[in-house]
Each structure stands twice: as structure tokens, then as C-alpha cells.
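Student: I would like to learn how to read an interface and a core from a model. Could you walk me through one?
Tutor: Gladly; let us look at it together.

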Amino acid sequence: MTMQIVHSGPVTSSNEKTRAREAFARDNLRTEPKAVRIAVITIAITFLTVFVVLPLVVVFAHAFSKGIAAYLAALAEPEALAAIRLTLLVAAISVGLNLVFGLVAAWAIAKFDFPGKTFLITLIDLPFSVSPVISGLVFVLLFGAQGYFGSWLRDHDIQILFAVPGIALATTFVTFPFVARALIPLMQEQGTQEEEAAISLGASGLQTFFRVTLPNIKWGVLYGVLLCNARAMGEFGAVSVVSGHIRGETNTMPLLVEILYNEYQFVAAFAIASLLAMLALITLIAKTVLERHLDEGQASDH
Amino acid sequence: MGLTLSWLSVIILIPLAGLFLKSLELSPEQFWDILTSRRTLNALRVSFGLAFAAASVNLVMGSVIVWALVRYRFPGRRLFDAIVDVPFALPTAVAGVALTALFAEKGWLGAPLAALGIKVAFTPVGIFVAMIFIGIPFVVRTVQPVLQDLDPEIEEAAGSLGASRWQTIIRVILPSLAPALLTGLALAFARAVGEYGSVIFIAGNLPNVSEIAPLLIVIRLSEFRYADATAIAVVMLVVSFVIIFAVNRLQRWAQSRIPAR
């Protein structure tokens with residue numbers, strides 16, 4: 001790994017010329033020739049346009065291909081409305097559960113040291129990298145007719161699989177890491193000094209949490225909830241395995257997109273898809289705004 | 001603390017333990033037979049092979065995108081920066097139908113490609129395309145902050161010592177980015193291997209040709225062949241474990257290389 005050193009010119013040349021050349025060289029040390037710059041920018045923009053922008057545009061183009069009336073009619077179908085309601089319900093349940101857990105988990109991990117901490121963090125991360133299909137499968141193995149709790153559930157007439165509880169459980173599993181992951185670095189950075197001060201001034205544990213910890217992390221909490229919600233509403237693989245696809249009952253919006261698409265009802269499929277695409281775009285805009293708040297919060301700390 | 005652990009075990013540990021318990025009901029011979037059956041092997045080959053190819057494309061194109069976003073100023077830069085996250089945020093089923101519509105034989109991109117004799121939708125190429133889509137943000141978002149924080153002085157030093165720009169990039173910048181690049185590659189690969197929603201619409205799903213492993217799990221489940229589904233899932237889960245572990249080690253390695261500020 002030796003660096004090849006090339007002399008840029010005879011040192012004995014006139015002073016002025018050398019100085020001009022040095023200034024020019026300094027400007028050029030951290031950039032590339034114009035042709036290279038333009039080529040790199042063009043490749044980047046073309047790639048992002050083909051693979052990201054066009055798929056997004058296609059959704060809206062197909063959704064409105066038969067006019068706005070057809071678009072609105074597709075969304076007003078009872079099946080579509082049922083799917084939207086179910087999606088909102090499932091998202092509310094799993095975001096709620098993961099908000100509470102995420103706060104507690106991040107608090108435990110960031111403010112305390114205990115054995116097995118790395119293992120705990122790995123477990124929290126796991127749903128990020130497990131195939132969504134496997135996330136659904138594990139619940140089928142637990143609660144399905146042949147599953148470990150299957151016969152007990154049947155005896156007590158409790159329906160989990162192919163019903164709302166199963167969909168909510170699978171969604172909660174998949175969205176598990178978002179809130180905790182958003183908060184752990186934030187809380188670690190803030191340390192425990194403020195909490196210790198509050199406690200030593202006589203505040204109770206709960207008071208400290210609500211008056212000191214929570215205000216410090218409010219943007220982080222919102223950030224986690226935002227991403228958690230987007231994934232919860234859009235989850236497909238895991239929900240697909242546990243839902244049973246009962247029309248009007250256990251179809252979330254992404255599942256309805258699949259069903260309508262396979263039935264060649266393209267306008268209706270893309271109309272639902274366009275709602276989900278809008279959710280994604282709104283999420284991204286809100287995320288950009290929140291990231292600015294988070295950066296400012298960090299900047300003012302130092 | 002107790003709440004954390006019990007919630008974690010209810011939602012994550014018990015379901016995963018169930019998966020491994022179920023796979024223990026199989027004898028090693030049964031397990032081996034399922035995994036080495038022609039259809040399973042082909043599905044695993046399609047998933048892992050195309051995921052690696054797509055992640056490699058993401059590694060190269062992601063680096064180009066990061067370079068353009070961090071080092072150059074051009075109109076629309078902030079917009080394109082934001083757009084990188086779309087594959088993260090867009091529900092996979094939406095991505096799936098959109099990519100299929102785009103690359104189908106009569107689609108905006110499918111039609112010109114068909115004229116050139118390239119068929120994308122309903123072939124393994126379609127799977128490859130969907131996996132590229134889903135992996136873009138992983139490489140960009142892991143490498144971008146590292147390139148942003150890279151100390152400009154080391155480049156200036158290399159340049160003023162007479163290294164050509166190309167030498168500086170290969171010998172100075174690239175080694176500094178290596179841990180982030182590898183992490184991005186691993187994350188994009190892990191995501192593509194397990195990806196379901198955005199792939200199944202465009203894949204064609206022909207057994208042995210364009211059938212991905214997650215789809216085979218779903219098919220085995222619908223046939224009530226739980227043992228088969230479980231065996232494939234265990235293999236994929238173990239690979240996920242190994243990848244997360246490797247990424248965590250990579251991160252630690254990267255942190256130890258960068259002196260604390």
C-alpha cells in the first residue's frame with residue numbers, strides 16, 4: 001500500500017507560476033473533472049428516476065387512467081372501505097403497543113447496564129431482517145389448527161389466526177424495532193444526568209419520566225411512531241400469511257391491492273395503491289421535517 | 001426491565017422458539033430431504049443468487065448516488081436525496097404492482113425493452129429488478145453519513161503529496177468507506193433474500209425458474225405442508241441471524257478504526 005509520489009513540476013520555476021499552480025491544485029484536490037462530475041450526476045439521477053420515480057408515477061397514472069370518477073368510485077366500494085378501516089385499526093393497535101414497549105425498552109437499554117444487553121438489542125433488530133413471510137409463519141405455527149396453542153384456542157372458541165388479533169400480532173412483530181431503535185441512540189446520548197438531578201431534587205420515578213425524560217425525546221418518539229405507522233399500514237407478507245383473505249373482513253389495504261390486481265381490476269387496485277403511496281410520501285415529508293427538529297435538538301445540546 | 005423482557009418474549013422469543021421447536025420434530029434425514037428437493041434448492045438458489053446480484057448492483061450504484069449527493073451540487077439534489085427513501089416507505093405490495101406495470105410488455109419501460117428483445121416482467125430478470133428497487137436505500141443511507149464525515153484533510157494530504165485523484169479515491173477514500181459499504185451490501189442482501197411483496201407480482205412464480213424461497217414457504221403453508229415451510233424458514237432465519245451478527249461486528253470494527261472525536 002505505498003503511495004506513488006509524482007512531482008508536479010520543477011521547484012525552480014518562477015514563484016508566481018508555482019503559487020498559481022498550487023492554488024489551482026488545492027481547489028482540485030477534492031473534486032473531479034467536470035466531465036466526470038456530469039457523468040456521475042447523470043447516472044445517479046437516471047438510476048433513481050428509473051427505479052424509484054417512475055414506479056411512483058405509474059401508480060397514480062394507472063389509478064386515474066379512467067378518470068377521477070372511476071377512481072373515487074373504486075375507493076367508495078364497501079370492500080375498499082372495510083380494508084381501510086381494518087388497516088387503520090391494526091395500525092392503531094400495533095403502534096400503540098410498540099410505542100409503550102419501545103419507550104420502556106429504549107429506557108432500559110440506554111440508561112442501565114445489565115448482562116445480555118447486546119443480545120437484547122439483536123433480538124429487537126431481528127424483525128428488520130427476517131423475511132416478512134417467516135414473521136407470519138411463526139404465528140401460524142403457534143395459533144394455527146395444528147399449532148402449539150391451536151387446540152386450546154379451539155376449545156375456548158378464540159379466533160386469532162385469520163382474524164384481527166392475528167393480523168395485529170403479525171404487524172406488531174414486524175414493526176417491533178421502529179420506536180425502540182429511534183430512541184436508543186437519542187437516550188444514550190442524553191445520558192442520565194438530568195434524571196439523576198430530578199431524582200435527587202425529590203421527584204418520583206414517574207414524575208422524572210414524564211417531566212424530564214419524555215420532553216427530551218419527544219421528536220424521537222414522533223419519529224419512531226411515524227415510521228412504525230407507515231410500516232404497519234403497508235405490511236404485506238406477514239399479514240398475507242395470517243389473514244386468510246376473507247373478503248370484507250380480514251383484508252387490509254395491501255392485501256386488497258393484491259386481490260384486485262389478480263382479478264385484473266387495475267383501476268381499483270391502483271386506486272388503493274395510490275392511497276398507500278400517498279401515505280408513503282406524507283411519511284417521507286414528515287420524516288424530513290422531524291429529522292430537522294432532531295438535528296436542531298442535538299445541536300442545541302452541545 | 002421485567003416488562004421489557006416479558007413483552008419481548010411474548011412478541012419475539014416465543015414465536016421464534018416455536019419455529020425451531022417445530023423444525024426439531026423433523027428427523028435430520030427429513031430435514032435434509034426437504035432442503036435438497038429440487039424445488040426447494042431452486043427456490044433458495046433464485047432467492048440467494050439474485051439477492052446477491054441485486055445487492056452488488058446496489059453497492060455500485062448506491063456508491064455513485066452517494067458520491068453525487070454528498071460531493072456535488074445540482075438542481076433537485078435535495079429532492080433526489082429524499083427520494084432515496086421511497087423504497088423504505090412504499091408498501092411492498094404497491095411497489096410490486098407498480099414495477100410490474102412499468103416493466104410488463106406494454107409498460108412504459110417494458111415496451112421499449114421488449115423491442116430490444118429483453119423480457120423483464122414474469123422472468124427472473126423481474127425478480128432482480130424488484131430486489132434492486134428494494135435495496136437502494138440500504139447502501140445509500142449507510143455510506144452517506146460516513147462520506148459526509150470523512151476528514152477533508154486526508155484527501156488534501158494525499159493530493160498534495162502527488163497522488164492522482166483516482167489514486168486518492170481508490171487508496172484513501174475507498175478503504176475509509178469499506179466498512180460502511182460492506183454493511184450496506186449485507187443489509188441490502190438480507191432484505192432482498194427475504195423480500196416477498198415487491199417480488200411476487202413481477203416474478204412470474206414459475207416453480208424451479210422464478211419462484212423465490214419466501215413464496216415457496218407460503219405455497220407449502222397453503223398445502224398444509226408445515227414441515228416443509230418450517231425447514232425452509234429455519235434456513236433463511238439462520239442466514240438472517242448470521243447477517244445481523246456480521247453487521248454488528250462490522251459496525252464495531254468501523255468504530256474502532258475511526259478515532260473518537
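Student: Where do I begin with the two chains: what area is buried between chain B and chain A?
Tutor: Start with the area and its chemistry. In this predicted model, about 7,700 Å² is buried between chain B and chain A, and carbon and sulfur atoms give 80% of that area. On the chain B side, B:Trp7, B:Tyr72 and B:Trp108 lose the most area to chain A, together 8% of what that side buries.

Student: How many residues of each chain are in contact?
Tutor: Contact counts go alongside the area. Here 87 residues of chain B are in contact with 81 residues of chain A.

Student: And how many salt bridges and polar contacts are there between the chains?
Tutor: Two salt bridges are counted between chain B and chain A, along with eight residue pairs in polar contact, where both residues have pLDDT 80 or more. One salt bridge joins A:Lys287 to B:Asp85, with the closest N and O atoms 2.6 Å apart. As for who supplies the chain B side, helix α1 (residues 2-24) of chain B gives the most, with 15 residues. By residue class, the side of chain B that touches chain A divides into 63 nonpolar, 14 polar and 10 charged residues.

Student: Now the core. Which residues have the most contacts inside the largest nonpolar core?
Tutor: Look for the members with the most contacts. The largest nonpolar core has 175 residues, and A:Leu183, B:Leu19, B:Ile65, B:Leu90 and B:Ile217 have the most contacts inside it. Helix α3 (residues 38-71) of chain B provides the largest share of this core, 14 residues. Take B:Ile65: setting aside residues up to four places away in sequence, B:Ile65 touches A:Ala44, A:Phe47 and A:Leu48 in chain A, as well as B:Val84, B:Ile136 and B:Val140 in chain B.

Student: Why is helix α13 of chain A described as largely enclosed?
Tutor: A helix turns every 3.6 residues, so residues three or four places apart point the same way. That makes it useful to check burial along the whole helix. Nine of the 10 residues of helix α13 (residues 253-262) of chain A are buried, so this helix is largely enclosed by the rest of the structure. Among the buried ones are A:Pro254, A:Glu258 and A:Tyr261. After α13(A) comes A:Tyr264, whose phi is positive, near 60 degrees.

Student: Last one: is A:Thr283 buried or exposed?
Tutor: Compare its relative accessible area with the 20% cut-off for burial. A:Thr283 lies in helix α14 (residues 266-301) of chain A, and A:Thr283 is buried because its relative accessible area is 4%. Beyond its neighbours within four places in sequence, A:Thr283 is in contact with A:Leu226, A:Leu227 and A:Ala230.

Note on methods:
Residues are numbered from 1 along each chain as its sequence is written. Chains are lettered from A and ligands numbered from 1 in the order in which they are written. This is a predicted model: local features need pLDDT of at least 70, side-chain atom pairs count only at pLDDT 80 or more; totals for chains, interfaces and linings use all residues. Side-chain values use heavy atoms; hydrogens and water are left out. Contact means heavy atoms within 4.5 Å. Buried area is the accessible area (1.4 Å probe) that two parts lose on being put together, summed over both. A salt bridge is a side-chain nitrogen of Lys or Arg within 4 Å of a carboxyl oxygen of Asp or Glu. A polar contact is a pair of N or O atoms within 3.5 Å; within protein, one must be able to donate a hydrogen and the other to accept it, and residues adjacent in sequence count only if both atoms are side-chain atoms. Helices (H or I, at least four residues) and strands (E, at least two) are DSSP runs, numbered from the N terminus. Ala, Val, Leu, Ile, Met, Phe, Trp, Tyr, Cys and Pro count as nonpolar, Asp, Glu, Lys and Arg as charged, and the others, Gly among them, as polar. A nonpolar core is a set of buried Ala, Val, Leu, Ile, Met, Phe, Trp, Tyr and Cys residues joined through side-chain atoms within 4.5 Å. Buried means under 20% relative accessible area, exposed over 50%, partly exposed in between (1.4 Å probe, protein chains only).
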